[in-house]
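Work through the following exercises with the sequence and the coordinates open, and attempt each task before reading its solution.

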Amino acid sequence: MAQSDYLFTSESVSEGHPDKVCDKISDSIVDAFLAADPYARVACETLATTNFVVLAGEVRGPDSLTHDVFKDIARQAIKDIGYEQHGFHWKDAEIVSHLHSQSVDIAVGVDAAGNKDEGAGDQGIMFGYACTETEELMPAPIAYSHAILKSIADQRHGGDTRFGPDSKSQVTLRYVDGKPVGATSVVVSTQHGEAVSQEEIRELVRPHVLKILPEGWMCPEEEFYVNPTGRFVIGGPDGDCGLTGRKIIVDTYGGAAPHGGGAFSGKDPTKVDRSAAYASRYLAKNVVAAGLADKCVIQVSYAIGVSKPLSVYVNTMDTGQVDEARLAKVLQELMDLSPRGIREHLNLSRPIYARTAAYGHFGRKPEADGGFSWERTDLVDGLKTAFGA
């Protein structure tokens, strides 16, 4: 029997966290390629340390996208985040590009040709999840962790220089009868200006936490930790080396659901690590939005070069109103889960990825230009019809 009374914790990191700096750069490279050619191929990895950035990976696209262009894109991404400090500055950081042409062996397996449909860019398993804990149908701990940092970042981008770009949050919620009822602890570590005291930064952070948590959910004062190690002036890649794809739980469900292990950032939508994870979230969210379950986990699996998924698994975690095997079949009737089918259904071959690099890929609002299209709930009517709901 599932435990119904428990504590659960999730963390988030801001756009200025070293790993998120790298995710933003890698996804900005993806956007540049897709803006120039929707059929471009990109697998871009970024490393960042003290005033030094390395780009590496495989690409296929227009010749106009050169190493100089890649470096300019990286520099602009760093500027947009807000790094203008001695140890990491958008203007004078050294940037090295080792991006090169995609392997022809991979291209043969992935590209459509003759009667062969577009194949998956790699083997693997991908998961999607949704639940009724928040309006966005996301687990509450990760949703609140993201929102606290986004609120602080908005104040910083508005001109408050007391905050620096690098920050982390962690929210622990108490669950009673399987539902969140309040916070037992909140941790926020945020980079700050040299002249800002520990007491001042604590009071600067407090209103952001109070704004995000539901009324009456604030943790006890002794469990409210702000910069618990003390001083946090040196941050970002100057304080800790960053790499693309190292925050996969932050990017998804905060540990509340399984993860297939593949990162998203730096990959074009033919890579099922990204697109199939988006499709799985889309399907799970529509199941929950249709009232067919309070929780839904979906797993899909692929083989490199093969277009059809090898398996589709649905688990409504004892909250479902319909048969799970039939639900899995209906979902595949409503959406083609081949790499091409996912890409076309969600219209993924567009420059919409840099914005996903921080504050979560899921639980965001669908945007007018197609960003976060996997957060739509346009399958609800089809699901209700199929099950007579």
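**Exercise 1: two crossing helices**

The crossing of α8 and α10 is right-handed, and the model in which it is seen is a predicted one.

Task: Determine how the axes of α8 and α10 are oriented, and list the residues through which α8 and α10 meet.

Solution. Begin with the geometry, since two packed helices are described by the angle between their axes and the distance between the axes. The axes of α8 and α10 cross at roughly 135 degrees and come within 11 Å. An angle over 145 degrees would count as roughly antiparallel and one from 65 to 115 as roughly perpendicular; α8 and α10 are therefore oblique to each other. Turning to the side chains and backbone in between, α8 contributes Arg326, Leu327, Val330, Leu331 and Leu334, which meet Gly382, Leu383, Ala386 and Phe387 of α10. Sorted by class, this contact of α8 with α10 comprises seven nonpolar residues, one polar and one charged.

**Exercise 2: the two faces of α10**

Task: Identify which residues of α10 are buried, and decide how they are placed around the helix axis.

Solution. Helix α10 spans residues 380-387, and its buried residues are Val380, Leu383 and Phe387. These buried residues lie on the same side of α10, because the arc they cover around the axis is only 65 degrees. The general rule behind such a pattern is that an α-helix has 3.6 residues a turn, so residues three or four places apart point the same way. On the face turned away from the buried side, α10 carries the exposed residues Asp381 and Thr385. The cover over the buried residues of α10 includes α7 (272-289) as well as α8 (324-334). Just after α10 comes Gly388, which takes a positive phi of about 60 degrees.

**Exercise 3: a second helix pair**

Task: Describe the packing of α4 against α5, giving the angle and the distance between their axes.

Solution. Helix α4 (residues 140-157) and helix α5 (residues 198-212) have axes 9 Å apart and pack at an angle of about 130 degrees, which makes α4 oblique to α5. The crossing of α4 and α5 is right-handed. Among the residues that make the contact are Tyr144, Ile148 and Ile152 of α4, together with Leu204, His208 and Ile212 of α5. By class, the contact of α4 with α5 has eight nonpolar residues, three polar and one charged.

**Exercise 4: a loop residue**

Task: Is Ser64 buried or exposed?

Solution. Ser64 is placed in the loop between β3 (52-60) and α2 (67-81). Its relative accessibility is 54%, and Ser64 therefore counts as exposed, the cut-off being over 50%.

Terms used. Residues are numbered from 1 along each chain as its sequence is written. This is a predicted model: local features need pLDDT of at least 70, side-chain atom pairs count only at pLDDT 80 or more; totals for chains, interfaces and linings use all residues. Side-chain values use heavy atoms; hydrogens and water are left out. Buried means under 20% relative accessible area, exposed over 50%, partly exposed in between (1.4 Å probe, protein chains only). Helices (H or I, at least four residues) and strands (E, at least two) are DSSP runs, numbered from the N terminus. The arc is that of the directions from the helix axis to the C-beta atoms. Contact means heavy atoms within 4.5 Å. Axes are lines fitted to C-alpha atoms, for helices over the stretch in contact, and angles run from 0 to 180 degrees between N-to-C directions. Angles under 35 degrees count as roughly parallel, over 145 as roughly antiparallel, 65 to 115 as roughly perpendicular and the rest as oblique. A crossing is left-handed if the near helix is turned anticlockwise from the far one by less than a right angle, and right-handed if clockwise. Ala, Val, Leu, Ile, Met, Phe, Trp, Tyr, Cys and Pro count as nonpolar, Asp, Glu, Lys and Arg as charged, and the others, Gly among them, as polar.
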